[in-house]
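This briefing looks at how selected helices pack in the structure shown below, and at some of the charged pairs and local contacts around them.

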Amino acid sequence: MKLAVFDFDSTLMDGETIDFLAEELGIGDEVKKITEEAMSGRLDFFESLTTRVALLKGMDYQKVVDICSNLPLMPGAVELVPQLQKMGYKVVCFSGGFRLGTTPAREKLGLDADFSNVLHEKDGKLTGLIGGDMMFGYSKGDMLQRIQSLMGITRAETLVCGDGANDLSMFAHADTRVAFCAREVLKKEANIIIDEKDLTKILDYIK
């Protein structure tokens, strides 16, 4: 058995979930700037996440559910996942974003699991608070090591794929490291670099 772990935003999904939500509130540009700073490694991930989620305070929860249920999947995602599973991979998604987005994607793509964060809501509105598995810059690496230990999978049997600085921690624990349409900070640590929006290109590099 092997393990393939994918980031969600801008990797399995074409875009950033929080940017889609911010557009709805008319604060898209403000949130995009913070996202970019975090993904490029210039801003602490936890700070950036909590700052951006706070800006969503008061948003109608049902509207959030609707947007997150209809996020655009990355070209090639639908084809790639079953191919990897046929090759003996368990395919998992790690996201510093939200379970409202990763769960529908897990169902559509047939992923084996998704790990992400939960937007807190009360009385049908977002409170501006967030909690979950993927809150910190080190969270993905931490979770990856736990899953490897649980499943008896080595770093040689692990593929990771992401696009931003908060994926660096999982790159430290995998021998196959795919930077997908990624920031420079991640490309430096990758051994496979794909600059075209087509996830099936990964299949050219693995057996």
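Contact here means that heavy atoms lie within 4.5 Å of each other. With that meaning in hand, the elements covering the buried residues of helix α1 include α2, α3, α4, β2 (89-98) and β3 (113-122). The model is a predicted one, and the points below move from the surroundings of α1 to a second helix pair, then to the salt bridges and finally to one loop residue.

**Helix α1 and its packing on α4**

- The buried residues of α1 are T17, I18, D19, L21 and A22, and α4 is among the elements that cover them.
- Helix α1 spans residues 17-25 and helix α4 spans residues 61-69, and their axes come within 10 Å while crossing at roughly 135 degrees.
- Because an angle between 115 and 145 degrees counts as oblique, α1 and α4 are described as oblique to each other, and α1 passes α4 in a right-handed crossing.
- On the α1 side the contact is made by T17, F20, L21 and E24, while α4 contributes K63, V64, I67 and C68.
- Sorted by class, this contact of α1 with α4 has five nonpolar, one polar and two charged residues.
- After α1 comes G26, a residue whose phi is positive, near 75 degrees.

**Helices α2 and α3**

- Two packed helices are described by the angle between their axes and by the distance between those axes.
- For α2 and helix α3 (residues 45-54), the angle is about 165 degrees and the axes are 9 Å apart.
- Since angles over 145 degrees count as roughly antiparallel, α2 and α3 are placed in that class, and their crossing is left-handed.
- The residues that make this contact are V31, I34, T35, A38 and M39 from α2, together with F45, S48, T51 and R52 from α3.
- By class, the contact of α2 with α3 divides into five nonpolar, three polar and one charged residue.
- S48, one of the contact residues on α3, has a relative accessibility of 0% and therefore counts as buried.
- Leaving aside neighbours within four places in sequence, S48 is in contact with I34, A38 and L43, and I34 and A38 are also among the residues that α2 brings to the helix contact.

**Salt bridges**

- Side chains of opposite charge can pair when their charged atoms come close.
- Across the whole structure, a search finds 17 salt bridges.
- One of these pairs is E36 with R183, where the closest N and O atoms are 3.0 Å apart.
- E36 belongs to helix α2 (residues 28-39) and R183 to the loop between β6 (176-180) and α9 (184-187), so the pair ties together parts that are 147 residues apart in sequence.
- Within that pair, E36 is partly exposed at a relative accessible area of 33%, whereas R183 counts as buried at 18% relative accessibility.
- E184 and K187 meet through their side chains in a salt bridge with an N to O distance of 3.8 Å, and both residues lie in helix α9, three residues apart, which is about one turn of the helix.
- E184 is exposed, with a relative accessible area of 52%, while K187 is buried, with a relative accessible area of 18%.
- R106 and E107 form a further salt bridge, with their closest N and O atoms 3.9 Å apart; R106 counts as partly exposed at 27% relative accessibility, and E107 counts as exposed at 56%.
- D7, K140 and D167 are joined in a network of salt bridges.

**The loop after α9**

- N191 is found in the loop between α9 and β7 (192-194), where a relative accessibility of 44% makes N191 partly exposed.
- Not counting residues up to four places away in sequence, N191 touches D175, T176 and R177.
- For one of these partners, T176, the C-alpha atom is separated from that of N191 by 6.7 Å, although the two residues are 15 residues apart along the chain.

Conventions. Residues numbered from 1 in each chain as written. Predicted model: local features only at pLDDT ≥ 70, side-chain atom pairs only at ≥ 80, totals over all residues. Heavy atoms only, no water. Salt bridge = Lys/Arg side-chain N within 4 Å of Asp/Glu carboxyl O. Helix = DSSP H or I, 4+ residues; strand = E, 2+ residues; numbered from the N terminus. Buried < 20%, exposed > 50% of the residue type's maximum accessible area, 1.4 Å probe, protein only. Axes fitted to C-alpha atoms, helices over the stretch in contact; angles between N-to-C directions. Parallel < 35°, antiparallel > 145°, perpendicular 65-115°, else oblique. Left-handed = near helix turned anticlockwise from the far one by under 90°. Nonpolar A, V, L, I, M, F, W, Y, C, P; charged D, E, K, R; others polar.
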